[in-house]
Amino acid sequence: MDAKQSPDDLLDETALCEWVGATPAWARKNRLIGRGPKFIKLGHLVRYRRGDVQAWLDENTFVSTTRKAPPPDFNRDTLPMNDPERNARAFARAAEIRAQSATA
């Protein structure tokens, strides 16, 4: 987002469609079926908060056809698999199991 752009800026349907590369028909259909970014009704006008559109884009970002991308604040170092003590216990337990099945 530009420094001049605020998450609270309101976008009309045309601006939304230009941003995401869609048609107005796509926007209308997704509003009707409850998909797409959150929107605001001001009488007969429809507006989208810039922050809501960005959040929707983030929620719908994938790294493959089967897996969503990690959130922007994702830190791989906080995953349990990166805990050395936990890994040491798991490897020790796996070695015990292999030893037991080899002697059985």
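## Ile40 and its surroundings

Leaving aside neighbours within four places in sequence, Ile40 is in contact with Leu10, Leu45, Val46, Arg47 and Arg49. The model in which these contacts occur is a predicted one. Ile40 belongs to strand β2, and in β3 its bridge partner is Arg47. The residue counts as buried because its relative accessibility is 18%, the cut-off for burial being under 20% relative accessible area. Leu10, one of the residues that Ile40 contacts, lies 30 residues away along the chain, and the C-alpha atoms of the two are separated by 8.9 Å.

## Overall architecture

The protein chain contains 4 helices and 3 strands, which follow one another from the N terminus in the order β-α-α-β-β-α-α. Of its 104 residues, 14% count as buried. When contacts between residues at least 6 apart in sequence are considered, 44% of them join residues that are at least 24 apart.

## The three-stranded sheet

The strands form an open sheet of 3 strands in the order β1-β3-β2, with antiparallel pairing. Strands β1 and β2 (40-42) stand at the edges with a single partner strand each, so one side of each is left without a neighbour in the sheet. Strand β1 is joined to β3 by 2 bridges, the two strands running antiparallel, and Leu10 stands opposite Arg49 in β3. On the other pairing, 3 bridges join β2 to β3, which likewise run antiparallel; the hairpin that these two strands form has 2 residues between the strands, and in this hairpin Gly43 takes a positive phi near 65 degrees.

In a regular strand the side chains alternate between the two faces of the sheet. Such an alternation is found along β3, where Val46 and Tyr48 point to one face and are buried, while Leu45, Arg47 and Arg49 point to the other and are not buried. Ile40 is in contact with residues of both sets, including Val46 and Arg47.

## Packing of α1 against α2

Two packed helices are described by the angle between their axes and the distance between the axes. For helix α1 (residues 13-20) and helix α2 (residues 24-33), the angle is about 105 degrees and the axes are 9 Å apart. That angle makes α1 roughly perpendicular to α2, since values from 65 to 115 degrees fall in that class. The contact brings Glu13, Leu16, Cys17 and Val20 of α1 together with Pro24, Trp26, Ala27, Arg28 and Arg31 of α2. By residue class, the contact is made up of 6 nonpolar, no polar and 3 charged residues. After the end of α1 comes Gly21, whose phi is positive, near 70 degrees.

Arg31, which is found in helix α2, takes part in this contact with α1. It is a buried residue, with a relative accessible area of 18%. Not counting residues up to four places away in sequence, Arg31 touches Glu13, Phe39, Val46 and Tyr48. Among these partners, Val46 and Tyr48 are the buried residues that point to one face along β3, while Glu13 is one of the buried residues of α1.

## Buried faces of α1 and α3

An α-helix has 3.6 residues a turn, so residues three or four places apart point the same way. In α1 the residues Glu13, Leu16 and Cys17 are buried. Seen down the axis of α1, these buried residues fall within an arc of 95 degrees, so they line one face of the helix. They pack against β1 (10-11), α2, β3 (45-49) and α3 (50-59).

In α3 the buried residues are Arg50, Asp52, Val53 and Trp56. They cover an arc of only 165 degrees around the axis, which puts them on the same side of α3. The elements against which the buried residues of α3 pack are β1, α1, α2 and β3. The packing of α1 and α3 is thus reciprocal, because the buried residues of α1 pack against α3 and those of α3 pack against α1.

How values were computed: Residues numbered from 1 in each chain as written. Predicted model: local features only at pLDDT ≥ 70, side-chain atom pairs only at ≥ 80, totals over all residues. Heavy atoms only, no water. Axes fitted to C-alpha atoms, helices over the stretch in contact; angles between N-to-C directions. Parallel < 35°, antiparallel > 145°, perpendicular 65-115°, else oblique. Contact = heavy atoms within 4.5 Å. Nonpolar A, V, L, I, M, F, W, Y, C, P; charged D, E, K, R; others polar. Buried < 20%, exposed > 50% of the residue type's maximum accessible area, 1.4 Å probe, protein only. Arc of directions from axis to C-beta. Pairing = 2+ DSSP bridges.
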